[in-house]
Amino acid sequence: MHYAPAPLHIPDGFLNFIVSLICWAITVAVLSMAISRTNKSLGEKQVPLMGIMAAFIFAAQMINFPVAGGTSGHLLGGALAAIVLGPWAAMLVMTAVIAVQALLFQDGGLLVMGANILNMGLLTSAIGYGLYRGVLGNSRSVKLTVAGVSAWLSVMAGALGTALQLWLSGTSSLQTVVLAMLGVHAVIGIGEALITVAALSFIFQTRPDLLDEKSISAKSGRGWVVVGVVISLAVVLLSPFASANPDGLERVATDMGFINAGQSAPFQIISDYNIPFLGATPLSTILAGVTGVLVVLGLVIVAGKSLQQKSQIENRQS
Amino acid sequence: MHSDLFDRYHHGHSRLHHLDPRVKVIVTLAFILSNALLPDGAWIAFALAWLFVIFATLMSGLGIGFTFKRSFIAFPFALAAITVLFSIPGQPVTSFRFLMWDLTITDAGLLRFVSIVIRSWLSVQMAILLVAATEFPKIIHALTHLRVPIIITVIISFLYRYLFVLTDEVMRMLRARQARSGAAPGVRSGGSVAWRARIAGHMAGQLFLRSYERSDRVYNAMLARGYKGELMTIHPHRYQKSDLVIGGLSILVLFMMQIAGRF
């Protein structure tokens, strides 16, 4: 049985001691909140449930689908887990998954596990539940769309977190790592979004009781909407900032006079993350980021609509 | 097929296998921590750390090349560190043209890159050795003794128990999908990417429901066997003096390594 490591699992050695320690501190703080909340609100029955849900996430990460050229899309699962289990339980479940991947398969390091849990477990759960919680009471298609967007954003948040930690550790230069991580994960995130939406719509059809308004809103408070939106906005605003900030490779390139060669990428919709007529101001950079998100949002809506229509047609046929 | 094949424990009766799991976990973590603390280019200390890995491998009786063979798992991630080759200012070592960039590798960048890769390579070997010479439930138990919250260790032990069951389930689903995806040579088969993603998503949803319903059955079965909210074991988990001696000596060696790394 092969086991393919995912690009977000940072191995030991790639983050320095201080960054690893800070990430552990944040992770431990959030997890201890998660533990006290789940201990309060959950019965003994929830423990086997969470354990098996952790095994589910682990196994579900093996489900893949061919995209093109030998690459395949697959699931990270943080947003999906948060929507069906609630944020606190999802954080514990994702922590267990990441811990086993690191301990058993050396997929991700031990000293850097705090960072990996933060990127793939905590940020993803907060965004997934927060955004979905915000649109409870709306129609199913709105909920599914938001679930898809939150899944995409959760992958981007994980990628941005990883990139920033690598940069802070002096392992990568800021602009290159941010652009590379976000570029790759913008595509991976679409796979995540499509699978999450399809999985939820399947559960809606077969066991709607698991996803009704009451059981979702009973899992945690409305404060999560704020948390989810704030983290999402941070990702949207920070990404173009970090990648437009001339650092590392670009500075070396500037020093050597090769900056022009480096910038002329073959595909440029929004050149250098600036809107042309606004010039290179922070406002322009932010607008470029928001535009990018709107484009992805549009794509997800269109994809979600077509998925739903197809499901309905098939339901009628069967 | 039973996917318990991918359990990483290799049965044995060596001194390392019988060493107390708490000592093994602590020494492994201390070793990885020590690597992270070593400065760039501490070649003597890196060599000592490698000797430490080799010595531990010999003690495990798994064969001297055991950790070496599987130690390259983290290498793809080295891509992330490649930019430091060019971005740290220093004496140019070599420059070349890659696609449309002219790149210059500096000596300081090279030093940093090699140090990062060595640290990662050494750390991964120790982690491989830990799971190869310790049964996973014992590692979980050691974590409980080391004050990892019970709820996390219990979730991890459930995950470990049902990992293989649910992986088998996924393998069956993937095989079923493959069996129903006929393709003739020269004819494009399968739908659009969105269609494929929807199928994968339905599989994930299906797997979720199966797991959810299984957890109900598991809980009922556990209740029937007297489950009261915590997992019990009759293993005494006592350590011997020699375990402490080995652990203490290892920490001492790691400490010396840190000193060697600063000269």
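Let's start with chain A, whose secondary structure comes to 12 helices and two strands. Walk along its sequence and you meet the elements in the order α-α-β-β-α-α-α-α-α-α-α-α-α-α. Keep in mind that this is a predicted model, with an ipTM of 0.89 and a pTM of 0.82. For chain B in particular, the average pLDDT is 86, and 95% of the residues score at least 70.

Chain A has 318 residues, and 54% of them count as buried. Look at its contacts between residues at least 6 apart in sequence: 76% of these join residues at least 24 apart.

A good place to zoom in is helix H3 of chain A, residues 78-85. Eight of its eight residues are buried, so the helix is largely enclosed by the rest of the structure. The run goes from A:Gly78 through A:Ala79, A:Leu80, A:Ala81, A:Ala82, A:Ile83 and A:Val84 to A:Leu85. What do these buried residues pack against? Within chain A, the partners are helices H2 (46-60), H4 (87-105), H5 (113-134), H6 (140-168) and H7 (174-206), and chain B joins in with its H9. Just after H3(A) sits A:Gly86, which takes a positive phi of about 90 degrees.

Now over to chain B. Here you'll find 10 helices and two strands, laid out along the sequence as α-α-α-α-α-β-β-α-α-α-α-α. Of its 263 residues, 38% count as buried. The C-alpha trace spans about 65 × 60 × 30 Å along its principal axes. Its radius of gyration is 24 Å, whereas a compact globule of 263 residues would come out near 18 Å. As for contacts between residues at least 6 apart in sequence, 73% in chain B join residues at least 24 apart.

The two strands of chain B are easy to pick out. S1(B) and S2(B) pair in the antiparallel sense over six bridges; one of the pairings puts B:Thr94 opposite B:Ile105 in S2(B). Is S1(B), residues 92-98, enclosed or in the open? The number of buried residues among its seven is zero, so this strand lies largely in the open.

Helix H2 of chain B is a different story to follow. It has 17 residues and reaches 24 Å from its first C-alpha to its last, close to the 24 Å expected at 1.5 Å a residue. H2(B) is mostly covered, with 12 of its 17 residues buried. Those buried residues include B:Val23, B:Val25, B:Val27, B:Phe31 and B:Ile32, but also B:Arg22 and B:Lys24. They pack against H3 (43-60), H6, H7 and H10 (241-261) of chain B, and across the way against H1 (17-41) of chain A.

That brings us to the place where the chains meet. In total, 70 residues of chain B are in contact with 76 residues of chain A. On the chain B side, H2 (21-37), H5 (84-87), S2 (101-106), H6 (107-133), H7 (136-145), H8 (150-179) and H9 (193-224) each supply at least two residues. The largest share, 22 residues, comes from H9(B). By residue type, the side of chain B that touches chain A divides into 49 nonpolar, 14 polar and seven charged. H9(B) is also a partner you have met already, as the chain B helix against which the buried residues of H3(A) pack.

Conventions. Residues numbered from 1 in each chain as written. Chains lettered and ligands numbered in written order. Predicted model: local features only at pLDDT ≥ 70, side-chain atom pairs only at ≥ 80, totals over all residues. pLDDT = per-residue confidence, 0-100. Contact = placed C-beta atoms within 7 Å. Helix = DSSP H or I, 4+ residues; strand = E, 2+ residues; numbered from the N terminus. Nonpolar A, V, L, I, M, F, W, Y, C, P; charged D, E, K, R; others polar. Rg over C-alpha atoms; globule rule 2.2 N^0.38 Å. Buried ≥ 20, exposed ≤ 12 C-beta atoms within 10 Å, placed from the backbone. Expected span 1.5 Å × (residues − 1). Pairing = 2+ DSSP bridges.
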